[in-house]
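Welcome! Here are a few exercises to work through with the model in view. Try each task before you read its solution.

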Amino acid sequence: MNEIESLKPIEMVILDGYTLNPGDLHWKPLEAIGKCKIYDRSTTEQVIDRIGDGEIVLTNKAIIDRRILKACANLKYIGVLATGYNVVDVKAANEHGIVVTNAPGYSTSAVAQMVFSHILNFTQNVEQHGMSVRRGVWSKSPDFCYWITPLTELQGKTLGLVGFGQIGQAVARIARAFDMHVLVYKPNPPTENPAGVSFVDKKTLFKESDVVSLHCPLTDATHHIVCSETLAWMKPTAYLINTGRGDLVDEEALAKTLGQQLIAGAGLDVCSKEPIEAGNPLLKLKNCVFTPHIAWATRESRERLIRIVAGNLKAFLGGSPINKVN
């Protein structure tokens, strides 16, 4: 096949490999395909020079827009080192005949695990209690035990999931293992409910849930789905968890709601601008806990991601692209 032959010997540019592999993994699945030119990070100004006349580029968060595609006339394939592919101008790639692929499903278990890490942090406060023991509070206690925050059981509580893709379903399975009730808001619910799961309208989900967790894609319809209105529906004892996309949440509205203690807390792995800005008002609130967008980043997930990306590239070179987003 002429197009495939033109790609040999295989060479690829990885624009921002550090986040995926800061040195604890190897690139062998990709190196087995061809020569890898790996950059830890690439600024917008560097991308064109680094792609040069190359035909294959892999990117995580480095943006590849219409201007870059026009300048890199030999480009034939863009592999996104993530599930989300909004960093690529897919429409422009189509116009240039460039195949774009992503890596779905690699971090499902890891993200579901992070959801419950945040939930359990709020219900048990392990870190706070552990630090108090180190400070000598237990040693000086007149009683054999103490607690510095309320301790809450998940059994019988209600978890509301906004979205019900692979990650939402994985979270639901864990919730059921904790004997929680599961509500789901999904615009087009299935005709049959999975065991222990009830599909409800948006208002019902926010009003009845003890924990609301976001698992929907970021679209025009879901942008700021958590806003002043939906936050006002939540119980004062409820928690919000977001491991999806930062812009699912109106951060100003959330900061106001948390500051007035109208909900109990929020556990966030993402924010609207990343890295988070030092002046983000949510950082000042004790009932808001951030993790630095690491829900996806277990070693196992990152190893899986490299394998998926390599499989995508092999399939493209073989003439039958998989996980193609355009």
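**Exercise 1.** Find the bridge partner of Thr59 in S4.

*Solution.* Start at Thr59: the residue that bridges to it in S4 is Val80. Next, look at the two strands: S3 (residues 56-59) and S4 (residues 77-80) run parallel and are joined by four bridges. Strands here are DSSP runs of E with at least two residues, and helices are runs of H or I with at least four, numbered from the N terminus. Two strands count as paired if DSSP finds at least two bridges between them.

A word on the model: it is predicted, local features need pLDDT of at least 70, side-chain atom pairs count only at pLDDT 80 or more, and totals for chains, interfaces and linings use all residues. Residues are numbered from 1 along each chain as its sequence is written, and side-chain values use heavy atoms, with hydrogens and water left out.

**Exercise 2.** Place S3 and S4 in their sheet, and name the strands at its edges.

*Solution.* First, write down the order: S2-S1-S3-S4-S5, an open sheet of five strands with parallel pairing. Strand S2 (35-38) and strand S5 (99-101) have a single partner strand each, so one side of each lacks a neighbour in the sheet. From one strand to the next, the twist averages 20 degrees. Finally, add helix H12 (residues 299-317), which packs on this sheet and touches strand S1 (11-14), S3, S4 and S5. Touching means contact, with heavy atoms within 4.5 Å. The direction of H12 makes about 160 degrees with that of S4; such angles run from 0 to 180 degrees between N-to-C directions, using lines fitted to C-alpha atoms, for helices over the stretch in contact.

**Exercise 3.** Trace the sheet of seven strands and find a helix that lies across S6, S7 and S8.

*Solution.* The order is S8-S7-S6-S9-S10-S11-S12, again with parallel pairing in an open sheet. Strand S6 (residues 158-162) pairs with strand S7 (residues 181-185) over five bridges, and Leu161 stands opposite Val184 in S7. The helix is H8 (residues 166-177), running at about 175 degrees to S6.

**Exercise 4.** Why is Cys216 not bonded to Cys227?

*Solution.* A disulfide needs two cysteine sulfur atoms within 2.5 Å. The sulfur of Cys216 lies 12 Å from that of Cys227, its closest cysteine sulfur, which is too far for a bond. Cys288 is in no disulfide either, with the nearest cysteine sulfur, in Cys271, 9.9 Å away. In total, the structure holds zero disulfides. Cys288 counts as buried (under 20% relative accessible area, with exposed over 50% and partly exposed in between; 1.4 Å probe, protein chains only), at 8% relative accessibility.
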